[in-house]
Amino acid sequence: MYASESARAASASEARYRITVPIAPARAARVIALDARAAAVTRRVAGGPWANARFYTCEVTRGAGGSNEPAGEVPLYGLDGSPAALGDVLNGTDVVVVLATDDSGRAYAAAIGRACSASAITTAGVVLGDGFEAEDAVAALRPHARVLLLSADESDVFELLTALRV
Amino acid sequence: MLRQDINELLTQTGPGTPMGDLFRQYWIPALLAEELPEKDSPPVRVKLLSERMLAFRDSEGRYGLVDEFCAHRGASLWFGRNEGSGLRCAYHGWKYDVTGQCVEVPSEADNSSFCQNVKLTAYPLVRVGDVLWTYMGDPAKQPGLPEFEFAHVPPEQTYTSKRWQQCNWLQAFEGGIDSSHVTFLHSGGLKNDPLFKGAKGNEYNMKDTKPFFEVADSEGGLFVGARRNAEEGSYYWRITPWVMPAFTMVPPRGDHPVHGHFWVPIDDENCWTYSFDYHPVRPLTTAERQAMIDGHGVHSKNIPGTYRPAANMDNDYLMDREAQKRGDTYSGVAGIAMQDASLQESMGPIVDRTKERLVPADSGIIKARQKLRKAAIALRDEGVTPPGVNPAHHRVRSAAVVLPQAESFLDSCRDAVTAIPGVPQSSV
Ligand code: FES
Ligand SMILES: [Fe+2]
């Protein structure tokens, strides 16, 4: 007999009796790039092994046929260049990851943040670069983003999405 | 979640492993100075990074950290006689000095040169503050000594304890940068603990249980800022620094001493948690020091004569369901230190990170793992010296501040998160 339940339960040999069930991807994530450099990162990340994540930019993908302006205050496009309305993009999602590298998308940041807050969608912001070029975008995201990752490292986006099982 | 191969990379610190090599770039705590109080003190067994060693102090007071086992036939030198400027194996009398050099093999002829060729593996052991530090890496790359503030303020301003934690170092360390558990697990401590209670900041902590986070690189690691609502138009920020690989600080509360931890792998299933408390500008009061000795704050009450907590795995951490019901403690376990340790140990010796469901609020942990992995791989593949080796990276502090909502904690708190001798901590 063991002296206590804790000693027993936390042993290495007991670990193999833990219930194992496959963990379904927990989150339907949307990743939104606010500016041109962020869009380039998003295109690279979008090639990853994601289950439910969808990727958008706030400008038209070069060469694609996105000639129509999307409705609303945030001009969103899918990576194929098709326009999308923010409301539709947020529909059915529970986490939005916003990417910024400079201040050009600050107005979008505020609008996306507000829309996510209003719909109780958890928002995470990843700001790439030394941060100073994106001060206003950070300030616009701050009230809404549960977490802001101020990062010099583009792979943080990949790591964050992997960790969140999107 | 984390892939299994990455989990193994980060949790294995034995000789020849990438993470083990990373730890061997740094000075790390090996013992408390109190464990070798005087010349010819009894030797102490020390296991670090899965290597078994023996620490001793010779007749001149010099510190040594050497292979635990005698080069002759492998008996433990712990039984040895520490006398006459060396440690003599109790079995056949071979004698070693603090550098591990064999200085006498009694069975050989007097003046034989045989013993000159016998040397135990040995690492430097140096006192800085109340801690004896060692460096287990390539002697040619040995960095400058640690400059963490807790080890450099005058002795009357600082106190360090340690406790054995029965789990891998990484899950213990992750608790150190996980600001979102405080309002739950430690809520009792914010009200009752003599080293925590009474600070204005505690009210913000308790009122707003859904903090927002900002995670930013620092030269030596990360700053993790946790933000809660304060008065209209302002935020209460708690800023936790991490210096790689395993030094974290807790944001201060009022004028209480500032505290933090060093998480040191013993082997892959055990670690030492060093817990320190210091005040940058004044001596600790008698009451504060006594509270620390009694195991309050981040310290633990240990079984006398050992560094094992009195509340431990073998007695269900002295679980008190009544106290839990009353709300004196959140989990039924008493004391901040054991509240953390009990849950971290409950995960198992090495938690299976493939099964986690992390949330954006866990971003500090996500980022820290990534930095560790990148540093270990850059070291292995390109020999890159990792962040935190440079002693200048050690001069950081935690901070707790109230800022206008529009301000970024990083811009506003550069000084607050820098350890400047003679300058008080920034604390609410
Ligand atoms: S709520 Fe975090 S481990 Fe259970
Ligand atoms: Fe804790």
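**Salt bridges**

I began with the salt bridges of this predicted model, and by the rule I applied the count over all chains comes to 32. One that I looked up pairs D153(A) with K374(B), and because D153(A) sits in the loop between β7 (147-151) and α7 (155-163) of chain A while K374(B) belongs to helix α10 of chain B, this pair joins two chains. The N to O distance between the two side chains is 2.9 Å, and I noted K374(B) as partly exposed, its relative accessible area being 35%.

Next I turned to K371(B), which forms a salt bridge with D217(B), with 2.5 Å between the closest N and O atoms. Since K371(B) lies in helix α10 of chain B and D217(B) in strand β13 of chain B, the bridge ties together parts that are 154 residues apart in sequence. I then asked of each partner whether it is buried or exposed: K371(B) is buried, at a relative accessible area of 16%, whereas D217(B) is partly exposed, at 28%. I followed these residues outward and found that D217(B) and K371(B) are linked with D156(A) and K367(B) in a network of salt bridges.

I also recorded the bridge between E83(B) and R81(B), in which the closest N and O atoms are 3.1 Å apart; here E83(B) is partly exposed, with a relative accessible area of 32%.

**The contact between chain A and chain B**

From the bridging pair I went on to the interface as a whole, to which chain B gives 43 residues and chain A gives 39 residues. The two chains bury about 3,200 Å² between them, and 51% of this area is on carbon and sulfur atoms. I counted 4 salt bridges between chain B and chain A, together with 25 residue pairs in polar contact, both residues of each pair being at pLDDT 80 or more. On the side of chain B that touches chain A, the elements giving two or more residues are β13 (212-217), β15 (234-243), α9, α10 (363-382) and α11 (409-412) of chain B.

Within helix α10 of chain B I picked out Q370(B). Which residues does Q370(B) touch, leaving aside those up to four places away in sequence? I found D153(A), S155(A), D156(A) and E159(A). With S155(A) there is a polar contact from side chain to side chain, at 2.6 Å. Q370(B) counts as buried, because its relative accessible area is 3%, under the 20% cut-off.

**The iron site**

I then looked up the iron ion (ligand 2), whose protein donors are H181(B) (NE2), H186(B) (NE2) and D340(B), the last appearing with two OD entries, and these lie 2.1 to 2.3 Å from the ion. What is the geometry of the site? I had to call the site irregular, as the angles among its 4 donor atoms run from 58 to 148°. Along the chain the donors follow the spacing H-x4-H-x153-D. H181(B), in the loop between α3 (169-176) and α4 (182-185) of chain B, and D340(B), in helix α9 (residues 336-346) of chain B, link distant parts of the chain, 159 residues apart. I checked the accessibility of this pair as well: H181(B) is buried at 17%, and D340(B) likewise counts as buried, at 14% relative accessibility.

**Backbone entries**

Going through the backbone, I noted a cis peptide bond from M244(B) to P245(B), with omega near 5°; P245(B) lies in the loop between β15 and β16 (247-250) of chain B.

I also noted positive phi values in residues other than glycine. A120(A) has a phi near 55° and lies in the loop between α5 (106-118) and β6 (122-128) of chain A, where this residue counts as exposed, at 71% relative accessibility. D40(B) has a phi of about 55° and is placed in the loop between β1 (27-32) and β2 (44-48) of chain B, but D40(B) is partly exposed, at 29% relative accessibility.

**Chain A as a whole**

Lastly I went over the make-up of chain A, which has 7 helices and 7 strands, in the order α-α-β-α-β-β-β-α-β-α-β-α-β-α from the N terminus. Of the 166 residues in chain A, 51% are buried. When I took the contacts in chain A between residues at least 6 apart in sequence, 66% of them joined residues at least 24 apart.

Methods: Residues are numbered from 1 along each chain as its sequence is written. Chains are lettered from A and ligands numbered from 1 in the order in which they are written. This is a predicted model: local features need pLDDT of at least 70, side-chain atom pairs count only at pLDDT 80 or more; totals for chains, interfaces and linings use all residues. Side-chain values use heavy atoms; hydrogens and water are left out. Donors are N, O and S atoms within 2.8 Å of the metal (3.2 Å for Na, K and Ca); water is not among the atoms, so sites may look incomplete. Four donors count as tetrahedral if all angles lie between 85 and 135 degrees; four count as square planar and six as octahedral if opposite donors are over 155 degrees apart and all others between 65 and 115; anything else is irregular. Helices (H or I, at least four residues) and strands (E, at least two) are DSSP runs, numbered from the N terminus. Buried means under 20% relative accessible area, exposed over 50%, partly exposed in between (1.4 Å probe, protein chains only). Contact means heavy atoms within 4.5 Å. Buried area is the accessible area (1.4 Å probe) that two parts lose on being put together, summed over both. A polar contact is a pair of N or O atoms within 3.5 Å; within protein, one must be able to donate a hydrogen and the other to accept it, and residues adjacent in sequence count only if both atoms are side-chain atoms.
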